[in-house]
Protein chains: 2
Amino acid sequence: MIVLDLKDARPLYEQIVERFKHLILCGVLPEDEKLPSVRNLAMELSINPNTIQKAYGELEREGFIYSVKGRGNFVSSNHNLKETKKEELKQQILALVKEGEGIGLTREDIVTLLQNGT
Amino acid sequence: MIVLDLKDARPLYEQIVERFKHLILCGVLPEDEKLPSVRNLAMELSINPNTIQKAYGELEREGFIYSVKGRGNFVSSNHNLKETKKEELKQQILALVKEGEGIGLTREDIVTLLQNGT
DNA sequence: CTAAGTGTACTAGAAGTGATAGTACACTTG
DNA sequence: CAAGTGTACTATCACTTCTAGTACACTTAG
């Protein structure tokens, strides 16, 4: 379910966070689905349980999952998360487009890009 | 000319590199313009000369500037750099759009975004 | 030629972050 | 009760960033 890239410059816990965010936003992990336990996932990925805990802590802080002592971590409702993520993506795209305008990349170029991928 | 954000999570040398890249790509710094000397800029920014040297080394490695011993660092020709940067931006935008499609962000949404900024 | 300014290279150390290792405790479930 | 779970804590190692200081070769202005 989770794949790590040790050659990636980003920290392991960050990769785990991002991977779970994606799985949750795309609906692969439905609401109230139980995530792998801290110790299980650590075993599976051959990394330290503390690293998983750090990732889960971050996911909880950002509202993607909720945690129940003694039972496990579970997926939160993802409707609001989706809308937030959509807005975030739009702002990121807009920022890139604006950066491009400074060096001669037109909005027509972008529309063309969206149409045929070049 | 260069402004540092100490609260930024990114390393100082990386901020310097990005700032100069922007100034060069946008034409603020024309071809063969002389950059501030390592020691001068370090003084001005109140940071260590080694940090400037690291930034200049990176800019040279990436072809944005060239260095002449005893004289200084100078801006390279920026035509190819611009084209490369444009392609890079287009790929980044495309990647974000594809990510958005997975959670229900349509290409029409993007076109609307480009038209009126929302 | 000399002095000042320049790029470059190197070592050393402080501080912060990421990851590991190990332990401990409270809670839930079977 | 036993096993599995989340959580918290300390200690340690490795790596990166940044600073500090030194040294040397080159170019230019005087």
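So, polar contacts between chain A and chain B: there are four residue pairs, with both partners at pLDDT 80 or more. And yes, that score is there since what we have is a predicted model. The interface also has two salt bridges running across it. Let me point at one of them: Lys85(A) and Glu99(B) pair up through their side chains, with 3.3 Å from N to O.

Okay, which elements of chain A give two or more residues to the side that touches chain B? Those are two helices, H4, spanning 79-101, and H5, spanning 107-116. H4(A) brings the largest share, with 12 residues. If you sort the residues on this side of chain A by character, you get 13 nonpolar, six polar and six charged.

Now let's zoom out to the whole contact. How many residues does each chain put in? Chain A gives 25 residues, and chain B gives 25 residues. People often describe how big an interface is by the accessible area that is lost when the parts come together. Here, about 2700 Å² is buried between chain A and chain B, and 79% of that comes from carbon and sulfur atoms. On the chain A side, keep an eye on Ile93(A), Ile103(A) and Leu114(A): together they supply 27% of the area chain A buries against chain B, more than any other three residues.

Last bit, the layout of chain A itself. The domain assignment splits out domain 1 at 12-77 and domain 2 at 80-116. Measure between the C-alpha centres of those two domains on your screen, and you should get 30 Å.

Definitions and conventions: Residues are numbered from 1 along each chain as its sequence is written. Chains are lettered from A and ligands numbered from 1 in the order in which they are written. This is a predicted model: local features need pLDDT of at least 70, side-chain atom pairs count only at pLDDT 80 or more; totals for chains, interfaces and linings use all residues. Side-chain values use heavy atoms; hydrogens and water are left out. Domain bounds come from an automatic or database domain assignment. Contact means heavy atoms within 4.5 Å. Buried area is the accessible area (1.4 Å probe) that two parts lose on being put together, summed over both. A salt bridge is a side-chain nitrogen of Lys or Arg within 4 Å of a carboxyl oxygen of Asp or Glu. A polar contact is a pair of N or O atoms within 3.5 Å; within protein, one must be able to donate a hydrogen and the other to accept it, and residues adjacent in sequence count only if both atoms are side-chain atoms. Helices (H or I, at least four residues) and strands (E, at least two) are DSSP runs, numbered from the N terminus. Ala, Val, Leu, Ile, Met, Phe, Trp, Tyr, Cys and Pro count as nonpolar, Asp, Glu, Lys and Arg as charged, and the others, Gly among them, as polar.
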